[in-house]
2 protein chains.
Amino acid sequence: MVKYPAALKVFVAIDCIIFGFDGRDLKLLLVKRNLEPQKGNWSLMGGFLYPDEDLDQGAGRIVKELTGLTNIYCEQLTVKGDKNRDPGARTVSVVYFALIKIEESDEELVRSHNASWIVLERRPDLIFDHNQMVLDAIDHLRYKAALHPIGFELLSETFTIPQLQKLYEAIYDVPIDRRNFSRKLLSTSLLIDTGMKNIHSTTKKATLYRLDKVRYNEKFHAFWNFMADSSKS
Amino acid sequence: MVKYPAALKVFVAIDCIIFGFDGRDLKLLLVKRNLEPQKGNWSLMGGFLYPDEDLDQGAGRIVKELTGLTNIYCEQLTVKGDKNRDPGARTVSVVYFALIKIEESDEELVRSHNASWIVLERRPDLIFDHNQMVLDAIDHLRYKAALHPIGFELLSETFTIPQLQKLYEAIYDVPIDRRNFSRKLLSTSLLIDTGMKNIHSTTKKATLYRLDKVRYNEKFHAFWNFMADSSKS
DNA sequence: CCAAAAGTGTTGTGTATACACCCATGT
DNA sequence: ACATGGGTGTATACACAACACTTTTGG
């Protein structure tokens, strides 16, 4: 048994960037802090890593605590460890990237944590280096959604192609040709026609599809070449 | 000033996966440990994060200590923090991914650390979760090299197109058509003809190119669509 | 009947692939 | 001269972008 020098120990935090989509805008789930430090300011949902949990477990715990959801899309994004990033103490923060379906999250729970869904472009200034974390996450979302079919994680179980298109237009902030988009999506064979129509429409009712989960898992790792260009590592 | 509970502190290590290419094989720079724990077994080069350094600085320090090199391609890959990953103590390890030009590394220094360049496919079993880290890194290399021109980081300042091709064939373990490869590379306008030829060849001498660093930096983030498919996150 | 949104078709352009052919070099 | 490897050309298929047209629905 070897002893490591205890002076090297640091705090390990986990911060979660939680994206949602309401049909028009991309949103972030942010917390208005009601305890020190930085009480009253906005931040990402986070917490310290517990001694008895793995990193992914910790992220799952934090997301569940805020939204009530368990089986969501959640992946590790980066680690931030600048020596002065948290003025309270040397802290290394593992940043997680989560995509959830807003309407499945527990409103009650969200409110009780003093959190809200905030439109991405209208987000407030965040504490510490959380602003940079969000910028990293937006880059990552654009990068990843261009190559892998993760967009579905932000929509409900059934969705229409026009809804999906609005999502991609929100992610990349560009208009997309309706006809080419539709054809490309249908050719992925990831969509299953439910036979139902979107009854909420006031004009022609769009077809409701659901995701073919088997094909989704098979095809997830294959490149998609979906959006022609994006940015960032 | 707020106090965080000190019991939550953990060790933060940095482990570096260092890739090289010798013209035929992809290689890893691995260390045969000469101190406990796991003395005599192979591992990645690593160390603890110092209290007065940022994470990227720590990775730079560790790579420099082993190779003597400073301005190399080095990016954060993942964080591993399974609660039992290091039996000595709860440790979170930040894994870095580095690409270096083998011939520029300091042989003396490498030897003095009990390290060697080992052909990727013939690597020994590594300690802790280092095997998984290497697998992650190979995936990442394939993924990234398919989209961004990082291959150049593994070749010398001047290189020939056939050399570059051998590198990509090693990365993806597939044969590539010489003519299409050449055309695709030349069309990137990342290559500058040095006017020199590879004098080591025994047949027709290939043209030596060097990287257009300005264009490289401009184009780095644009997708490349280089290899048709790869795998992984 | 008309406006607005959904669905389907066509066509041109560019990019990737699969080939064939010529050139330079050392033995 | 010939074997080996480097360099250039071309035809085909396929994917993508830019378009026009038809259908459904509520008012």
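Two strands count as a pair if DSSP finds at least two bridges between them. Keep that in mind for the first close-up, and note that every view here comes from a predicted model.

**View 1. Strand E8 meets strand E10 in chain B.** Strand E8 of chain B and strand E10 of chain B (residues 207-211) pair in the antiparallel sense, over 2 bridges. That count satisfies the rule of at least two bridges. Look for Thr158(B) here: its bridge partner in E10(B) is Arg210(B). As background, the strands of a sheet pair through backbone hydrogen bonds.

**View 2. The open sheet of chain B.** Stepping back a little, we find 3 strands of chain B in an open sheet, ordered E8-E10-E9, with antiparallel pairing. Its edge strands are E8 (158-159) and E9 (191-197) of chain B, each of which pairs on one side only.

**View 3. Two domains of chain A.** The domain assignment divides chain A into domain 1 (6-147) and domain 2 (151-219). Taken over C-alpha atoms, the centres of these two domains of chain A are 27 Å apart. In their contact, domain 1 of chain A takes part with 16 residues and domain 2 of chain A with 14 residues.

**View 4. Where domain 1 of chain A touches domain 2 of chain A.** Between them, the two domains of chain A bury about 1,300 Å², and 61% of this lies on carbon and sulfur atoms. Three residues to pick out are Phe21(A), Lys101(A) and Arg142(A), which supply 43% of the area that domain 1 of chain A buries against domain 2 of chain A, more than any other three residues. How many salt bridges does the rule find across this interface of domain 1 and domain 2 of chain A? It finds 0 salt bridges, whereas 6 residue pairs are in polar contact across the interface. On the domain 1 side, strand E1 (11-21) and helix H3 (130-147) of chain A each supply at least two residues. H3(A) gives the most to that side, with 4 residues. By class, the side of domain 1 that touches domain 2 in chain A has 9 nonpolar, 2 polar and 5 charged residues.

**View 5. A salt bridge between helix H3 and strand E5 of chain A.** Lys144(A) forms a salt bridge with Glu75(A), and their closest N and O atoms are 3.3 Å apart. The pair links distant parts of the chain, with Lys144(A) in helix H3 and Glu75(A) in strand E5 (residues 73-80), 69 residues apart. Over all chains, the structure holds 20 salt bridges.

**View 6. Ala170(B) and its contacts.** Find Ala170(B) in helix H4 (residues 161-172) of chain B. Leaving aside residues up to four places away in sequence, Ala170(B) touches Phe21(B), Arg24(B) and Leu26(B). For scale, Ala7(B) is 163 residues from Ala170(B) in sequence and 47 Å from Ala170(B) in space, C-alpha to C-alpha.

Methods
Residues numbered from 1 in each chain as written. Chains lettered and ligands numbered in written order. Predicted model: local features only at pLDDT ≥ 70, side-chain atom pairs only at ≥ 80, totals over all residues. Heavy atoms only, no water. Domains from an automatic or database assignment. Contact = heavy atoms within 4.5 Å. Buried area = accessible area lost by both parts, 1.4 Å probe. Salt bridge = Lys/Arg side-chain N within 4 Å of Asp/Glu carboxyl O. Polar contact = N/O pair within 3.5 Å; in protein donor to acceptor, adjacent residues only side chain to side chain. Nonpolar A, V, L, I, M, F, W, Y, C, P; charged D, E, K, R; others polar.
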